[in-house]
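Notebook open, structure loaded. I went after charged pairs first, then a few other spots.

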Amino acid sequence: MKQISIQITDETARQMEELAQCWGLPPQRHNTPVIERAIATLYMLEIGCEKYSAKLKEMGAQNENF
């Protein structure tokens, strides 16, 4: 895995701290786990749900929520 350095704003840092606290991550050195979880969540919302819905349709399942 590549190491990436990015500059974040104070607001982004504050949001990451709040997410870390909400998710039960340690108060120190939580940036990478927060970013990983955020990416996984966004992936599921933007791509994963669509793929899951397509798979259900392919299998002949009917679900009004997808």
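I looked up Lys-55 first: at 44% relative accessibility it counts as partly exposed (buried is under 20% relative accessible area, exposed over 50%, partly exposed in between, with a 1.4 Å probe and protein chains only). Its partner Glu-58 is exposed at 63%. The two side chains meet in a salt bridge, 3.4 Å from N to O (a side-chain nitrogen of Lys or Arg within 4 Å of a carboxyl oxygen of Asp or Glu). They sit 3 residues apart in helix H2, so about one helical turn separates them (helices are DSSP runs of H or I, at least four residues, numbered from the N terminus).

This is a predicted model, so I kept in mind that local features need pLDDT of at least 70 and side-chain atom pairs 80 or more, while totals for chains, interfaces and linings use all residues. Residues are numbered from 1 along each chain as its sequence is written, and side-chain values use heavy atoms, without hydrogens and water.

I searched the whole structure and got 3 salt bridges. Arg-14 pairs with Glu-11, closest N and O atoms 2.7 Å apart, and also with Glu-18, again at 2.7 Å. Arg-14 and Glu-11 are 3 residues apart in helix H1; Arg-14 and Glu-18 are 4 apart in H1. Arg-14 is partly exposed at 39%.

Next I checked His-30, in the loop between H1 and H2. Buried or exposed? His-30 is buried, at 7% relative accessibility. Leaving aside neighbours within four places in sequence, I found His-30 in contact with Met-16, Glu-17, Ala-20 and Leu-25 (contact means heavy atoms within 4.5 Å).

Technical notes: Helices (H or I, at least four residues) and strands (E, at least two) are DSSP runs, numbered from the N terminus.
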